[in-house]
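Colleague: I am new to this structure and would be grateful for a guided introduction. May I put some questions to you?

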Amino acid sequence: VQLVESGGGLVQPGGSLRLSCAASGSIRSITAMAWYRQAPGKERTIVASITSSGSTTYADSVKGRFFISRDNAKNTVSLQMNSLKPEDTAVYYCDGLILYTDWTNRHHWGQGTQVTVSS
């Protein structure tokens, strides 16, 4: 089982990007998922999270601009990022708690995707 991220890239300030994290392999569901980011020389910090019931939380720095959502049928979690700022530049990682077919939950990280906000 892997978490495969997509959607990063270069965008101008004020622009939008949508990141996706898809669980590949034989699983039952994504129990919970979070997005983290890590800028050069800084610690990895949580950006947003979503539970199995759809409850969401956001870092103060992204509230009102970023939105996390899930598609249970596709085992995918997305992060819609609007009004992007240069300080949002970082490598973004998805962090998932995956429910396997044997009913165990296992933790996985995605490979990371670069988001650069620059004019």
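The exchange below concerns a predicted model, beginning with a sheet and moving on to aromatic rings.

Colleague: In what order do the strands of the open sheet of four strands stand?

Modeller: Strands of a sheet pair through backbone hydrogen bonds, either parallel or antiparallel. In this open sheet the pairing is antiparallel. Neighbouring strands are turned by 15° against each other on average, direction ignored. The order of the four strands is 1-3-8-7.

Colleague: Which strands stand at the edges of this sheet?

Modeller: An edge strand here has a single partner strand, so one side of it is left without a neighbour in the sheet. This applies to residues 2–6 and to residues 66–71. The edge strands are therefore strand 1 and strand 7.

Colleague: Which residue of strand 3 is the bridge partner of valine 4?

Modeller: Strand 1 pairs with strand 3, which covers residues 17–24, in the antiparallel sense. Five bridges join the two strands. Across this pairing, the partner of valine 4 is alanine 22.

Colleague: What kind of aromatic pair do tyrosine 58 and phenylalanine 67 form?

Modeller: Three aromatic pairs are found in a search of the whole structure. In the pair of tyrosine 58 and phenylalanine 67, the ring centres are 6.4 Å apart. Planes over 60 degrees apart count as edge-to-face. Because the planes of these two rings stand at 70°, the pair is edge-to-face.

Colleague: Is tyrosine 93 buried or exposed?

Modeller: A residue counts as buried under 20% relative accessible area. The relative accessible area of tyrosine 93 is 15%. Tyrosine 93 is therefore buried.

Colleague: How many residues apart are tyrosine 93 and tryptophan 109?

Modeller: These two residues form an edge-to-face aromatic pair, 6.4 Å centre to centre and with 90° between the planes. The pair links distant parts of the chain, with tyrosine 93 in strand 9 (residues 90–100) and tryptophan 109 in strand 10 (residues 105–109). Tryptophan 109 counts as partly exposed, at 37% relative accessibility. Along the chain, the two are 16 residues apart.

Colleague: Which residue forms one aromatic cluster with Tyr93 and Trp109?

Modeller: Tyr93 and Trp109 already form an aromatic pair. The cluster that holds them has one further member. That member is Tyr36.

Colleague: Which residue lies over the face of tyrosine 93?

Modeller: A charge sits over a ring if, for arginine, CZ is within 6 Å of the ring centre and within 35 degrees of the ring normal. At tyrosine 93, the distance to the ring centre is 3.7 Å. The residue over its face is arginine 44.

Key
Residues are numbered from 1 along each chain as its sequence is written. This is a predicted model: local features need pLDDT of at least 70, side-chain atom pairs count only at pLDDT 80 or more; totals for chains, interfaces and linings use all residues. Side-chain values use heavy atoms; hydrogens and water are left out. Two strands pair if DSSP finds at least two bridges between them. Axes are lines fitted to C-alpha atoms, for helices over the stretch in contact, and angles run from 0 to 180 degrees between N-to-C directions. Rings of Phe, Tyr and Trp (its six-membered ring) pair if their centres lie within 6.5 Å; planes under 30 degrees apart count as stacked, over 60 as edge-to-face and the rest as tilted. Buried means under 20% relative accessible area, exposed over 50%, partly exposed in between (1.4 Å probe, protein chains only).
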